[in-house]
Amino acid sequence: MRKTKIVKAAKGPAKIKLRAPWEIDLLRKANAVVAEVLQTLKEVIAPGVSAWDLNKIAEEIARKRGALPAFKGYRGYPFSLCVSVNEEVVHGLPLKEKVLKEGDIVSLDFGAIYEGYVGDAAITVAVGQISEEAKRLMKVTEEALYKAIDKARVGNRVQDISAVIQQHAERHGYNVVRDFVGHGVGQSLHEPPEVPNFGRRGKGPPLMAGMVLAIEPMVVTGSHEVEILPDGWTAVTKDRGLAAHFEHSIVITAKGPEILSKL
Ligand code: MF3
Ligand code: CO
């Protein structure tokens with residue numbers, strides 16, 4: 001999600017919901033639809049496939065499973081799937097003319113609503129053979145996600161998640177995007193708290209059992225700066241460096257994190 005402006009802080013910190021087991025069950029179902037969509041799209045991805053086709057497949061699977069696409073109409077977003085290629089970071093539009101080619105890396109982001117509960121996840125996948133640099137970027141970003149999930153434990157704070165993402169990316173010579181953040185997720189796509197991909201260990205709201213978070217590192221090979229294309233949605237790196245994005249929805253339990261959107 002887009003980082004919110006500071007003005008909101010004047011109202012004080014919004015309350016983070018703790019979800020009951022029956023709610024977690026519904027969130028698990030919503031995320032199972034998301035995972036099925038991403039897994040299917042990953043298998044379909046090949047040179048010559050258009051982003052439009054991917055959006056259609058995603059919608060078909062959601063409908064078949066009794067779920068609604070969570071992004072369609074959200075703040076006016078006109079599609080169900082985000083397809084972001086190479087220097088596109090997030091919120092790429094699945095247009096007919098966006099045709100994948102050998103060597104691209106493509107980030108797929110999908111959300112589903114099942115009985116009022118929202119699932120949200122993203123993966124970055126290779127189109128055919130890709131460069132060693134692109135492979136390494138994808139690997140580091142996915143590693144950052146799993147390191148972050150491992151910090152989602154009672155006794156830690158939100159920025160323990162943020163800090164490990166930043167640390168892992170920067171240790172490999174990459175940067176994290178700052179204008180977009182992870183987020184709470186539940187009955188809305190975006191709920192408190194914000195989960196930045198950079199921060200300081202020990203800072204931010206305390207993590208508690210029942211919190212559901214969408215953790216989503218966005219890592220770039222060049223500068224962290226992004227700009228929005230004239231379409232009003234697509235976020236690209238200003239220097240046109242490569243970007244990767246991996247996201248899971250997780251719930252914090254007394255026993256540790258559980259990934260709801262596992263593929
Ligand atoms: N996973 C993305 C996010 O949390 C997807 C939002 S796309 C939108 O920001 F169109 F719904 F905004
Ligand atoms: Co998200």
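Helix 2 (residues 51–64) has 14 residues and its end C-alpha atoms sit 20 Å apart, which agrees with the 20 Å expected at 1.5 Å a residue. That expected span is 1.5 Å times one less than the number of residues, and helices here are DSSP runs (H or I, at least four residues), strands likewise (E, at least two), numbered from the N terminus. This is a predicted model, with local features needing pLDDT of at least 70 and side-chain atom pairs counting only at pLDDT 80 or more, while totals for chains, interfaces and linings use all residues. Residues are numbered from 1 along each chain, ligands from 1 in the order written, and side-chain values use heavy atoms, leaving out hydrogens and water.

So what is tucked away in helix 2? Buried there are Ala51, Leu54, Asn55, Ala58, Ile61 and Ala62; buried means under 20% relative accessible area, exposed over 50%, and partly exposed in between (1.4 Å probe, protein chains only). Seen down the axis, these buried residues fall within an arc of 130°, so they line one face of the helix; the arc is taken over directions from the helix axis to the C-beta atoms. On the other side, Arg63 and Lys64 are exposed.

Now for the metal. The cobalt ion (ligand 2) is held by Asp120, His183, Glu216 and Glu247, at 2.1 to 2.3 Å; donors are N, O and S atoms within 2.8 Å of the metal (3.2 Å for Na, K and Ca), and with water not among the atoms, sites may look incomplete. Asp120 counts as buried at 2% relative accessibility, and Glu247 is buried too, at 1%.
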